[in-house]
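User: Please take one part of this model and give me a close look at it in each chain. Then add what lies around it, with the cut-offs behind each term.

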2 protein chains.
Amino acid sequence: MPVIEFWYEFASTYSYLAAMRVQDVAADEGIEIAWRPFLLGPIFKANGWETSPFNLYPAKGRYMVRDIERQAAARGLRFALPQPFPANGLHAARIATAGIAAGWCPAFTRAVFSAQFAGGADISQIETLRVLLADIGTDPDAAIEASQSPEVKEDLRRHTAWAQEIGVFGAPSFVTADGEIFWGDDRLEQAVVWAKREIVLYP
Amino acid sequence: MPVIEFWYEFASTYSYLAAMRVQDVAADEGIEIAWRPFLLGPIFKANGWETSPFNLYPAKGRYMVRDIERQAAARGLRFALPQPFPANGLHAARIATAGIAAGWCPAFTRAVFSAQFAGGADISQIETLRVLLADIGTDPDAAIEASQSPEVKEDLRRHTAWAQEIGVFGAPSFVTADGEIFWGDDRLEQAVVWAKREIVLYP
(Lines give C-alpha, C1' and ligand atoms only; values in the text may rest on other atoms or scores of the structure.)
Protein backbone atom coordinates (compact mmCIF):
# COMPACT_ATOMS: atom_id res chain seq x y z
CA MET A 1 0.00 0.00 0.00
CA PRO A 2 1.47 3.42 -0.91
CA VAL A 3 2.34 5.61 2.05
CA ILE A 4 1.93 9.38 2.32
CA GLU A 5 3.57 11.26 5.15
CA PHE A 6 1.19 13.88 6.53
CA TRP A 7 3.26 16.67 8.11
CA TYR A 8 1.19 19.01 10.24
CA GLU A 9 1.50 21.72 12.88
CA PHE A 10 -1.19 22.06 15.51
CA ALA A 11 -1.46 25.85 15.19
CA SER A 12 -2.00 25.65 11.43
CA THR A 13 -5.47 26.38 10.09
CA TYR A 14 -4.91 24.52 6.82
CA SER A 15 -3.59 21.56 8.81
CA TYR A 16 -6.98 21.51 10.56
CA LEU A 17 -8.77 21.16 7.21
CA ALA A 18 -6.42 18.36 6.17
CA ALA A 19 -6.43 16.48 9.47
CA MET A 20 -10.21 16.23 9.49
CA ARG A 21 -10.33 14.46 6.12
CA VAL A 22 -6.99 12.78 5.43
CA GLN A 23 -7.91 9.45 6.97
CA ASP A 24 -11.16 9.18 5.02
CA VAL A 25 -9.50 10.12 1.74
CA ALA A 26 -6.70 7.63 2.38
CA ALA A 27 -9.15 4.83 3.19
CA ASP A 28 -11.11 5.49 -0.01
CA GLU A 29 -7.93 5.54 -2.08
CA GLY A 30 -6.07 2.61 -0.53
CA ILE A 31 -3.31 4.81 0.90
CA GLU A 32 -1.62 4.54 4.28
CA ILE A 33 -1.05 7.80 6.14
CA ALA A 34 2.06 8.25 8.28
CA TRP A 35 1.18 10.95 10.80
CA ARG A 36 4.00 13.45 11.26
CA PRO A 37 3.31 16.13 13.86
CA PHE A 38 6.07 18.74 13.79
CA LEU A 39 6.74 22.36 14.74
CA LEU A 40 6.72 25.19 12.24
CA GLY A 41 8.25 27.64 14.73
CA PRO A 42 11.88 26.68 14.07
CA ILE A 43 11.29 26.83 10.30
CA PHE A 44 9.64 30.25 10.57
CA LYS A 45 12.53 31.48 12.72
CA ALA A 46 14.99 30.32 10.05
CA ASN A 47 13.08 32.62 7.66
CA GLY A 48 13.46 35.50 10.11
CA TRP A 49 9.79 35.39 11.20
CA GLU A 50 8.89 35.66 14.87
CA THR A 51 5.25 34.71 14.24
CA SER A 52 2.98 33.32 11.53
CA PRO A 53 3.11 35.03 8.11
CA PHE A 54 -0.66 35.43 8.55
CA ASN A 55 0.12 37.88 11.36
CA LEU A 56 3.10 39.49 9.62
CA TYR A 57 1.07 40.23 6.47
CA PRO A 58 -2.45 41.33 7.47
CA ALA A 59 -4.00 41.15 3.97
CA LYS A 60 -2.80 37.55 3.72
CA GLY A 61 -4.11 36.82 7.20
CA ARG A 62 -7.56 38.24 6.42
CA TYR A 63 -7.68 36.23 3.21
CA MET A 64 -6.68 33.04 5.00
CA VAL A 65 -9.55 33.40 7.49
CA ARG A 66 -12.06 33.94 4.69
CA ASP A 67 -10.63 31.09 2.63
CA ILE A 68 -10.79 28.68 5.56
CA GLU A 69 -14.34 29.85 6.37
CA ARG A 70 -15.40 28.98 2.83
CA GLN A 71 -13.67 25.58 2.77
CA ALA A 72 -14.92 24.69 6.25
CA ALA A 73 -18.50 25.64 5.38
CA ALA A 74 -18.36 23.50 2.25
CA ARG A 75 -17.24 20.53 4.39
CA GLY A 76 -19.65 21.04 7.26
CA LEU A 77 -16.90 22.06 9.67
CA ARG A 78 -17.08 24.96 12.09
CA PHE A 79 -14.23 27.46 12.11
CA ALA A 80 -13.21 30.48 14.13
CA LEU A 81 -9.66 31.76 14.50
CA PRO A 82 -8.61 31.20 18.13
CA GLN A 83 -7.02 34.00 20.11
CA PRO A 84 -4.11 34.24 20.50
CA PHE A 85 -3.16 32.93 17.06
CA PRO A 86 -1.04 30.97 16.44
CA ALA A 87 -1.40 28.81 19.54
CA ASN A 88 1.71 27.23 21.00
CA GLY A 89 1.42 23.63 19.81
CA LEU A 90 4.46 22.25 21.62
CA HIS A 91 2.65 20.13 24.22
CA ALA A 92 0.12 18.87 21.68
CA ALA A 93 2.89 17.92 19.25
CA ARG A 94 4.80 16.05 21.95
CA ILE A 95 1.70 14.15 23.02
CA ALA A 96 0.80 13.33 19.42
CA THR A 97 4.36 12.08 18.89
CA ALA A 98 3.99 9.84 21.94
CA GLY A 99 0.76 8.50 20.42
CA ILE A 100 2.22 7.44 17.07
CA ALA A 101 3.51 4.06 18.23
CA ALA A 102 0.53 3.58 20.55
CA GLY A 103 -1.90 4.12 17.67
CA TRP A 104 -3.98 6.97 19.08
CA CYS A 105 -2.14 9.82 17.33
CA PRO A 106 -4.81 10.27 14.59
CA ALA A 107 -7.74 10.40 17.03
CA PHE A 108 -5.85 12.76 19.35
CA THR A 109 -4.83 14.98 16.44
CA ARG A 110 -8.41 15.35 15.21
CA ALA A 111 -9.61 16.04 18.75
CA VAL A 112 -7.04 18.82 19.23
CA PHE A 113 -7.75 20.49 15.88
CA SER A 114 -11.48 20.33 16.40
CA ALA A 115 -11.29 21.67 19.97
CA GLN A 116 -9.10 24.55 18.80
CA PHE A 117 -10.64 25.65 15.52
CA ALA A 118 -14.25 24.57 15.95
CA GLY A 119 -14.46 24.95 19.73
CA GLY A 120 -12.11 27.83 20.56
CA ALA A 121 -10.13 25.81 23.12
CA ASP A 122 -6.66 26.91 24.21
CA ILE A 123 -4.61 23.93 23.10
CA SER A 124 -1.38 25.36 24.50
CA GLN A 125 -2.55 24.21 27.95
CA ILE A 126 -1.81 20.71 29.21
CA GLU A 127 -5.17 20.74 31.01
CA THR A 128 -7.03 21.16 27.72
CA LEU A 129 -5.09 18.27 26.23
CA ARG A 130 -5.76 16.11 29.29
CA VAL A 131 -9.52 16.38 28.69
CA LEU A 132 -9.10 15.52 25.01
CA LEU A 133 -6.99 12.46 25.83
CA ALA A 134 -9.71 11.22 28.15
CA ASP A 135 -12.31 11.91 25.44
CA ILE A 136 -10.56 9.59 22.99
CA GLY A 137 -10.24 6.87 25.62
CA THR A 138 -6.53 7.18 26.36
CA ASP A 139 -5.05 7.37 29.86
CA PRO A 140 -4.19 11.08 30.14
CA ASP A 141 -1.58 10.72 32.89
CA ALA A 142 0.35 8.01 31.06
CA ALA A 143 0.17 9.88 27.75
CA ILE A 144 1.33 13.18 29.24
CA GLU A 145 4.13 11.48 31.14
CA ALA A 146 5.29 9.71 27.99
CA SER A 147 5.16 12.98 26.06
CA GLN A 148 7.60 14.55 28.51
CA SER A 149 10.19 11.81 28.24
CA PRO A 150 13.57 12.72 26.73
CA GLU A 151 12.95 10.20 23.93
CA VAL A 152 9.70 11.81 22.77
CA LYS A 153 11.14 15.33 23.03
CA GLU A 154 14.09 14.21 20.96
CA ASP A 155 11.81 12.46 18.42
CA LEU A 156 9.87 15.68 17.86
CA ARG A 157 13.08 17.70 17.50
CA ARG A 158 14.41 15.16 14.99
CA HIS A 159 11.18 15.09 13.01
CA THR A 160 11.12 18.89 12.82
CA ALA A 161 14.75 19.02 11.66
CA TRP A 162 14.03 16.28 9.14
CA ALA A 163 11.03 18.15 7.73
CA GLN A 164 13.20 21.19 7.18
CA GLU A 165 15.93 19.08 5.61
CA ILE A 166 13.65 17.48 3.03
CA GLY A 167 12.29 20.90 2.05
CA VAL A 168 9.07 21.22 4.04
CA PHE A 169 8.45 24.93 4.70
CA GLY A 170 4.77 25.04 5.60
CA ALA A 171 1.91 22.90 6.84
CA PRO A 172 0.21 20.74 5.97
CA SER A 173 2.66 19.04 3.63
CA PHE A 174 2.17 15.63 2.08
CA VAL A 175 5.33 13.73 1.18
CA THR A 176 5.39 10.59 -0.94
CA ALA A 177 7.90 7.75 -0.66
CA ASP A 178 10.04 9.19 -3.46
CA GLY A 179 10.30 12.56 -1.73
CA GLU A 180 7.74 14.61 -3.66
CA ILE A 181 6.30 17.38 -1.51
CA PHE A 182 2.71 18.58 -1.88
CA TRP A 183 2.03 21.67 0.19
CA GLY A 184 -1.44 22.57 1.38
CA ASP A 185 -4.72 20.84 2.12
CA ASP A 186 -5.68 21.55 -1.50
CA ARG A 187 -2.82 19.36 -2.77
CA LEU A 188 -3.94 16.16 -0.99
CA GLU A 189 -5.63 14.79 -4.10
CA GLN A 190 -2.49 15.33 -6.19
CA ALA A 191 -0.36 13.63 -3.55
CA VAL A 192 -2.70 10.62 -3.72
CA VAL A 193 -2.43 10.41 -7.52
CA TRP A 194 1.36 10.71 -7.27
CA ALA A 195 1.65 8.05 -4.57
CA LYS A 196 -0.40 5.61 -6.62
CA ARG A 197 1.54 6.38 -9.78
CA GLU A 198 4.79 5.41 -8.10
CA ILE A 199 3.54 1.90 -7.72
CA VAL A 200 3.11 1.66 -11.45
CA LEU A 201 6.49 3.20 -12.15
CA TYR A 202 8.43 1.23 -9.55
CA PRO A 203 6.59 -2.03 -8.93
CA MET B 1 -23.70 36.68 -17.15
CA PRO B 2 -21.62 36.63 -13.93
CA VAL B 3 -18.29 38.43 -14.14
CA ILE B 4 -15.03 37.39 -12.50
CA GLU B 5 -12.12 39.81 -12.36
CA PHE B 6 -8.89 38.01 -13.16
CA TRP B 7 -6.02 39.90 -11.51
CA TYR B 8 -2.62 38.84 -12.77
CA GLU B 9 1.03 39.90 -12.81
CA PHE B 10 3.16 39.05 -15.82
CA ALA B 11 6.12 37.81 -13.74
CA SER B 12 3.94 35.39 -11.77
CA THR B 13 4.26 31.69 -12.48
CA TYR B 14 0.83 30.81 -11.09
CA SER B 15 -0.66 33.63 -13.19
CA TYR B 16 0.77 31.80 -16.22
CA LEU B 17 -1.13 28.64 -15.30
CA ALA B 18 -4.34 30.62 -14.82
CA ALA B 19 -4.02 32.80 -17.92
CA MET B 20 -3.66 29.79 -20.18
CA ARG B 21 -6.99 28.28 -19.05
CA VAL B 22 -9.22 31.01 -17.65
CA GLN B 23 -10.94 31.84 -20.94
CA ASP B 24 -11.79 28.20 -21.66
CA VAL B 25 -13.10 27.60 -18.16
CA ALA B 26 -15.17 30.77 -18.31
CA ALA B 27 -16.63 29.85 -21.70
CA ASP B 28 -17.62 26.40 -20.44
CA GLU B 29 -19.21 27.88 -17.32
CA GLY B 30 -20.98 30.88 -18.79
CA ILE B 31 -18.78 33.39 -16.98
CA GLU B 32 -17.35 36.64 -18.32
CA ILE B 33 -13.73 37.35 -17.43
CA ALA B 34 -12.61 40.93 -16.80
CA TRP B 35 -8.85 40.93 -17.45
CA ARG B 36 -6.98 42.91 -14.81
CA PRO B 37 -3.24 43.15 -15.40
CA PHE B 38 -1.54 44.79 -12.42
CA LEU B 39 1.84 45.00 -10.71
CA LEU B 40 2.76 43.02 -7.63
CA GLY B 41 5.93 45.06 -7.04
CA PRO B 42 4.25 47.89 -5.10
CA ILE B 43 2.34 45.37 -2.97
CA PHE B 44 5.52 43.39 -2.24
CA LYS B 45 7.32 46.63 -1.34
CA ALA B 46 4.53 47.45 1.12
CA ASN B 47 5.34 44.09 2.79
CA GLY B 48 9.00 45.07 2.98
CA TRP B 49 10.03 42.68 0.17
CA GLU B 50 12.45 43.87 -2.49
CA THR B 51 11.85 40.77 -4.64
CA SER B 52 9.52 37.78 -4.93
CA PRO B 53 8.98 35.70 -1.79
CA PHE B 54 10.10 32.77 -3.97
CA ASN B 55 13.56 34.34 -4.01
CA LEU B 56 13.47 35.48 -0.39
CA TYR B 57 12.58 31.98 0.88
CA PRO B 58 14.56 29.40 -1.13
CA ALA B 59 12.66 26.31 0.10
CA LYS B 60 9.41 27.96 -0.97
CA GLY B 61 10.97 28.92 -4.32
CA ARG B 62 12.18 25.38 -4.99
CA TYR B 63 8.76 24.01 -4.10
CA MET B 64 7.02 26.51 -6.39
CA VAL B 65 9.11 25.41 -9.37
CA ARG B 66 8.35 21.75 -8.72
CA ASP B 67 4.65 22.44 -8.13
CA ILE B 68 4.36 24.43 -11.38
CA GLU B 69 6.27 21.70 -13.26
CA ARG B 70 3.73 19.13 -12.06
CA GLN B 71 0.68 21.27 -12.88
CA ALA B 72 2.09 22.32 -16.25
CA ALA B 73 2.89 18.72 -17.21
CA ALA B 74 -0.65 17.63 -16.30
CA ARG B 75 -2.02 20.36 -18.60
CA GLY B 76 0.35 19.81 -21.50
CA LEU B 77 2.15 23.11 -20.93
CA ARG B 78 5.90 23.60 -21.02
CA PHE B 79 7.54 25.38 -18.11
CA ALA B 80 10.98 26.63 -17.19
CA LEU B 81 11.72 29.42 -14.74
CA PRO B 82 13.15 32.34 -16.74
CA GLN B 83 16.32 34.08 -15.61
CA PRO B 84 16.32 36.60 -14.10
CA PHE B 85 13.19 35.82 -12.09
CA PRO B 86 10.94 37.65 -11.56
CA ALA B 87 10.97 39.51 -14.86
CA ASN B 88 10.05 43.18 -14.89
CA GLY B 89 6.50 43.11 -16.21
CA LEU B 90 5.94 46.87 -16.40
CA HIS B 91 5.94 47.25 -20.18
CA ALA B 92 3.85 44.11 -20.67
CA ALA B 93 1.31 45.29 -18.09
CA ARG B 94 1.02 48.71 -19.74
CA ILE B 95 0.53 47.17 -23.17
CA ALA B 96 -2.04 44.71 -21.82
CA THR B 97 -3.86 47.60 -20.18
CA ALA B 98 -3.92 49.44 -23.51
CA GLY B 99 -5.40 46.30 -25.08
CA ILE B 100 -8.35 45.94 -22.70
CA ALA B 101 -10.66 48.35 -24.52
CA ALA B 102 -9.31 47.28 -27.91
CA GLY B 103 -10.14 43.64 -27.17
CA TRP B 104 -6.72 42.06 -27.69
CA CYS B 105 -5.66 41.97 -24.03
CA PRO B 106 -6.44 38.25 -23.56
CA ALA B 107 -4.54 37.14 -26.69
CA PHE B 108 -1.58 39.38 -25.84
CA THR B 109 -1.55 38.15 -22.24
CA ARG B 110 -1.44 34.50 -23.26
CA ALA B 111 1.30 35.26 -25.81
CA VAL B 112 3.46 36.98 -23.18
CA PHE B 113 3.04 34.24 -20.58
CA SER B 114 3.74 31.52 -23.09
CA ALA B 115 6.81 33.28 -24.52
CA GLN B 116 8.17 33.79 -21.02
CA PHE B 117 7.47 30.54 -19.21
CA ALA B 118 7.35 28.05 -22.09
CA GLY B 119 9.80 29.84 -24.39
CA GLY B 120 12.29 31.53 -22.05
CA ALA B 121 11.79 34.98 -23.62
CA ASP B 122 12.80 38.14 -21.79
CA ILE B 123 9.45 39.90 -21.52
CA SER B 124 10.93 42.95 -19.83
CA GLN B 125 12.10 44.11 -23.29
CA ILE B 126 9.84 46.17 -25.54
CA GLU B 127 11.35 44.39 -28.55
CA THR B 128 10.13 41.02 -27.28
CA LEU B 129 6.66 42.43 -26.80
CA ARG B 130 6.70 44.02 -30.26
CA VAL B 131 7.13 40.58 -31.83
CA LEU B 132 4.30 39.14 -29.76
CA LEU B 133 1.95 41.98 -30.72
CA ALA B 134 2.64 41.28 -34.38
CA ASP B 135 2.07 37.56 -33.76
CA ILE B 136 -1.44 38.19 -32.47
CA GLY B 137 -2.23 40.49 -35.42
CA THR B 138 -2.11 43.83 -33.60
CA ASP B 139 -0.20 46.86 -34.91
CA PRO B 140 2.85 46.90 -32.62
CA ASP B 141 3.71 50.57 -33.07
CA ALA B 142 0.22 51.75 -32.30
CA ALA B 143 -0.09 49.42 -29.30
CA ILE B 144 3.26 50.44 -27.82
CA GLU B 145 2.54 54.11 -28.36
CA ALA B 146 -0.85 53.75 -26.66
CA SER B 147 0.78 51.88 -23.77
CA GLN B 148 3.07 54.85 -23.10
CA SER B 149 0.30 57.43 -22.95
CA PRO B 150 -0.29 59.18 -19.61
CA GLU B 151 -3.82 57.72 -19.54
CA VAL B 152 -2.69 54.09 -19.75
CA LYS B 153 0.12 54.61 -17.24
CA GLU B 154 -2.39 56.15 -14.88
CA ASP B 155 -4.91 53.33 -15.48
CA LEU B 156 -2.30 50.73 -14.50
CA ARG B 157 -1.33 52.71 -11.38
CA ARG B 158 -5.00 53.02 -10.42
CA HIS B 159 -5.70 49.33 -11.01
CA THR B 160 -2.70 48.34 -8.90
CA ALA B 161 -3.77 50.65 -6.06
CA TRP B 162 -7.31 49.31 -6.34
CA ALA B 163 -6.13 45.70 -6.13
CA GLN B 164 -4.27 46.50 -2.93
CA GLU B 165 -7.27 48.38 -1.55
CA ILE B 166 -9.70 45.50 -2.05
CA GLY B 167 -7.27 43.10 -0.37
CA VAL B 168 -5.42 41.47 -3.25
CA PHE B 169 -1.93 40.49 -2.03
CA GLY B 170 -0.82 37.93 -4.62
CA ALA B 171 -1.44 36.74 -8.14
CA PRO B 172 -3.45 35.38 -9.69
CA SER B 173 -6.50 36.51 -7.76
CA PHE B 174 -10.08 36.05 -8.87
CA VAL B 175 -12.59 38.56 -7.55
CA THR B 176 -16.35 38.17 -7.85
CA ALA B 177 -18.86 41.03 -8.15
CA ASP B 178 -19.58 40.94 -4.41
CA GLY B 179 -15.90 41.33 -3.57
CA GLU B 180 -14.94 37.75 -2.67
CA ILE B 181 -11.27 37.10 -3.35
CA PHE B 182 -9.99 33.71 -4.49
CA TRP B 183 -6.20 33.57 -4.52
CA GLY B 184 -4.31 31.19 -6.76
CA ASP B 185 -4.82 29.29 -9.98
CA ASP B 186 -6.14 26.42 -7.87
CA ARG B 187 -9.06 28.55 -6.63
CA LEU B 188 -10.51 29.30 -10.09
CA GLU B 189 -13.14 26.58 -9.81
CA GLN B 190 -14.30 27.90 -6.44
CA ALA B 191 -14.52 31.43 -7.83
CA VAL B 192 -16.74 30.10 -10.62
CA VAL B 193 -19.06 28.36 -8.19
CA TRP B 194 -19.23 31.49 -6.06
CA ALA B 195 -19.90 33.78 -9.02
CA LYS B 196 -22.77 31.58 -10.19
CA ARG B 197 -24.18 31.28 -6.69
CA GLU B 198 -24.50 35.04 -6.44
CA ILE B 199 -26.97 35.03 -9.27
CA VAL B 200 -29.21 32.74 -7.30
CA LEU B 201 -28.87 34.77 -4.13
CA TYR B 202 -29.27 38.17 -5.73
CA PRO B 203 -31.29 37.74 -8.91
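Analyst: Helices (H or I, at least four residues) and strands (E, at least two) are DSSP runs, numbered from the N terminus. The part chosen here is helix H6, which spans residues 90–102 in chain A. This is a predicted model, in which local features need pLDDT of at least 70 and side-chain atom pairs count only at pLDDT 80 or more, while totals for chains, interfaces and linings use all residues. Residues are numbered from 1 along each chain as its sequence is written, and chains are lettered from A and ligands numbered from 1 in the order in which they are written.

Confidence comes before detail. The model scores ipTM 0.91 and pTM 0.94. Chain A averages a pLDDT (the predictor's confidence in each residue, from 0 to 100) of 95, and 97% of the residues score at least 70.

In chain A, H6 has 13 residues and reaches 19 Å from its first C-alpha to its last. That is close to the expected 18 Å, the expected span being 1.5 Å times one less than the number of residues. Its buried residues are His91(A), Ala92(A), Ala93(A), Arg94(A), Ile95(A), Ala96(A), Thr97(A), Ala98(A) and Gly99(A). Buried means that 20 or more other C-beta atoms, placed from the backbone, lie within 10 Å of the residue's own; 12 or fewer means exposed, and anything in between partly exposed. The partners of these buried residues in chain A are strand E2 (32–37) and helices H7 (105–118), H8 (126–135), H9 (140–147) and H10 (150–166). Packing here rests on contact, defined as two C-beta atoms, placed from the backbone, within 7 Å. Just after H6(A), Gly103(A) has a positive phi of about 95°.

Now the copy in chain B. H6(B) runs over residues 90–102, and its 13 residues reach 19 Å from first C-alpha to last, close to the expected 18 Å. His91(B), Ala92(B), Ala93(B), Arg94(B), Ile95(B), Ala96(B), Thr97(B), Ala98(B) and Gly99(B) are its buried residues. They pack against E2, H7, H8, H9 and H10 of chain B. Gly103(B), just after H6(B), takes a positive phi of about 95°.

One of these packings can be described by its geometry. The axes of H6(B) and H9(B) are 8 Å apart and cross at about 105°; axes are lines fitted to C-alpha atoms, for helices over the stretch in contact, and angles run from 0 to 180 degrees between N-to-C directions. The two helices are therefore roughly perpendicular, the word for 65 to 115 degrees, where under 35 is roughly parallel, over 145 roughly antiparallel and the rest oblique. H6(B) brings Arg94(B), Ile95(B), Ala98(B) and Gly99(B) to this contact, and H9(B) brings Ala143(B), Ile144(B), Ala146(B) and Ser147(B). By class, five of the contact residues are nonpolar, two polar and one charged. Ala, Val, Leu, Ile, Met, Phe, Trp, Tyr, Cys and Pro count as nonpolar, Asp, Glu, Lys and Arg as charged, and the others, Gly among them, as polar.

The loop between H5 and H6 of chain B holds Pro84(B). A cis peptide bond joins Gln83(B) to Pro84(B), with omega about -5°. In chain A, Ala171(A) and Pro172(A) are joined by a cis peptide bond with omega about 0°; Pro172(A) sits in the loop between H10 and strand E3 (173–176).

H7, a partner of H6 in chain B, contains Phe113(B). With 24 C-beta neighbours inside 10 Å, Phe113(B) counts as buried. Leaving aside neighbours within four places in sequence, Phe113(B) contacts Tyr16(B), Ala19(B) and Met20(B). Its C-alpha lies 8.8 Å from that of Leu17(B), 96 residues away in sequence.

H5 leads on to the chain interface. The contact between chains takes eleven residues from chain B and eleven from chain A. On the chain B side, helix H5 (58–74) and strand E4 (181–183) are the elements that give two or more residues. H5(B) supplies the largest share, four residues. That side has six nonpolar, two polar and three charged residues.
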